[in-house]
Amino acid sequence: AAQQAAAANTATQAQTNMFNTINAQQAPYRAAGYGALNQLGSLNSGPYQAYDANGNPIGTGTGSGYLTHQFNAADLAAGLAPNYDFMLQQGQMANQRAANVAGGGLGGNALQGLQKYTQDYAGNAYQNAFNNYQTQRSNIYNTLAGIAGIGQTGQTAANTAGTNLANAASSLGVGSAGAQAAGQIGQTNALSNTANNVINNYTLASLLNQGGRVA
């Protein structure tokens, strides 16, 4: 029983060492995942919970709302189409020069054409900037979500290792306890049998001695 208990303890320690190794190996991935989760929270709208590299809460923050922001004219002017104003101005000047060369001035048709060019250019530029904005936002979200997913995968691996350790330790503990209990029962039975044999032998010897004296 003692040997089996010692073997169970050794096996449990080996399982624990393996879990500690797996847990340490997955720690960098979990840390990256928590960092990405924090960034997603900061880009979302409303309050969010921030975590350190080990997953411990370290405070709250308020997101910028970038991931839920609707594209508008201010975004167009903020740099998503940095050449918009310059190209629009150059195109208008080119149309004006062409109209001046043709008629020496800007008549009604030329003005109408210039206005149409400006509207079409602005509409196309706005659509392109909107597409760029959507693509940029999707790329940022997908990148951070992917990194957060790596952290989740690392946490799943650690959880699986922890569950395996708990199951193995429980089985080994039950087996060890059973072996020790069986050993104690066996020892008790052996002592009981020995005591019975001693008593029987003593009784038999006493009877034999008494019989000898009578004879």
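# A tour from the hairpin to the core

Start by selecting Tyr48, which stands opposite Gly61 in strand S2. Before going on, bear in mind that what is on the screen is a predicted model. The two strands around this starting point are S1, residues 45-51, and S2, residues 57-64, and they run antiparallel with 7 bridges joining them. Now move to the turn of this hairpin, where 5 residues lie between the strands, and pick out Gly55, whose phi is positive and near 85°.

**The whole chain**

Zoom out so that the entire chain is in view, and colour the model by secondary structure if your viewer allows it. The chain holds 4 helices and 2 strands, and, read from the N terminus, these elements follow the order α-β-β-α-α-α. Of the 215 residues, 19% count as buried, while the chain exposes about 14,000 Å², of which carbon and sulfur atoms supply 55%. If you display contacts between residues at least 6 apart in sequence, 58% of them join residues at least 24 apart.

**Where helix H1 meets the hairpin**

Next, select Asn38, which has its place in helix H1, residues 2-43. Is Asn38 buried or exposed? Its relative accessible area is 16%, so Asn38 counts as buried, the limit being under 20%. Show its side chain, and look for the polar atom that lies 2.8 Å from the backbone oxygen of Tyr51. Beyond the neighbours within four places in sequence, Asn38 is in contact with Tyr48, Gln49, Ala50 and Tyr51, so that the residue with which the tour began appears here again.

Stay in this area for the aromatic rings, of which the model has 4 pairs. One of them is formed by Tyr34 and Tyr51, a tilted pair with 5.8 Å from centre to centre and 35° between the planes. What does this pair tie together? Tyr34 lies in helix H1 and Tyr51 in strand S1, so the pair ties together parts that are 17 residues apart in sequence. Both residues are partly exposed, Tyr34 at 21% relative accessibility and Tyr51 at 25%.

**From the loop to helix H4**

Now select Phe71 and Phe130, which form an edge-to-face aromatic pair, with 5.7 Å between the centres and 70° between the planes. This pair links distant parts of the chain, since Phe71 sits in the loop between S2 and helix H2 (73-80) and Phe130 in helix H4, 59 residues apart. The two partners differ in cover: Phe71 is buried, with a relative accessible area of 11%, whereas Phe130 is partly exposed, with 29%. Add Tyr66 and Tyr133 to the selection, and you will have the cluster that ring pairs make of Tyr66, Phe71, Phe130 and Tyr133.

From Phe71, step back to Gln70, which also has its place in the loop between S2 and H2. Gln70 counts as exposed, at 61% relative accessibility. Draw a distance from Gln70 to Phe130, and the C-alpha atoms will be 9.7 Å apart in space, although the residues are 60 apart in sequence.

**A buried arginine**

Continue to Arg137, which lies in helix H4, residues 108-214. At 13% relative accessibility, Arg137 counts as buried. Which backbone oxygen lies 3.4 Å from a polar atom of its side chain? Select Leu67, and its backbone oxygen will be found at that distance from the side chain of Arg137. Leaving aside neighbours within four places in sequence, Arg137 is in contact with Tyr66, Leu67, Thr68 and His69.

**The nonpolar core**

For the last stop, select the 11 residues of the largest nonpolar core, namely Ala36, Leu40, Leu43, Tyr66, Leu67, Phe71, Leu76, Ala129, Tyr133, Leu144 and Ala148. Which elements give two or more residues to this core? They are H1 and H4, and the largest share, 4 residues, comes from H4. Finish by centring the view on Ala36, which, apart from its neighbours within four places in sequence, is in contact with Leu144, Ile147 and Ala148. Leu67, already visited for its backbone oxygen beside the side chain of Arg137, belongs to this core as well, and so does Phe71, the buried partner of the edge-to-face pair.

Notes
Residues numbered from 1 in each chain as written. Predicted model: local features only at pLDDT ≥ 70, side-chain atom pairs only at ≥ 80, totals over all residues. Heavy atoms only, no water. Buried < 20%, exposed > 50% of the residue type's maximum accessible area, 1.4 Å probe, protein only. Contact = heavy atoms within 4.5 Å. Areas by Shrake-Rupley, 256 points an atom, 1.4 Å probe, with all protein chains shown as cover. Polar contact = N/O pair within 3.5 Å; in protein donor to acceptor, adjacent residues only side chain to side chain. Pairing = 2+ DSSP bridges. Phe/Tyr/Trp six-rings, centres within 6.5 Å; stacked < 30°, edge-to-face > 60°. Core = buried A, V, L, I, M, F, W, Y, C linked by side-chain atoms within 4.5 Å.
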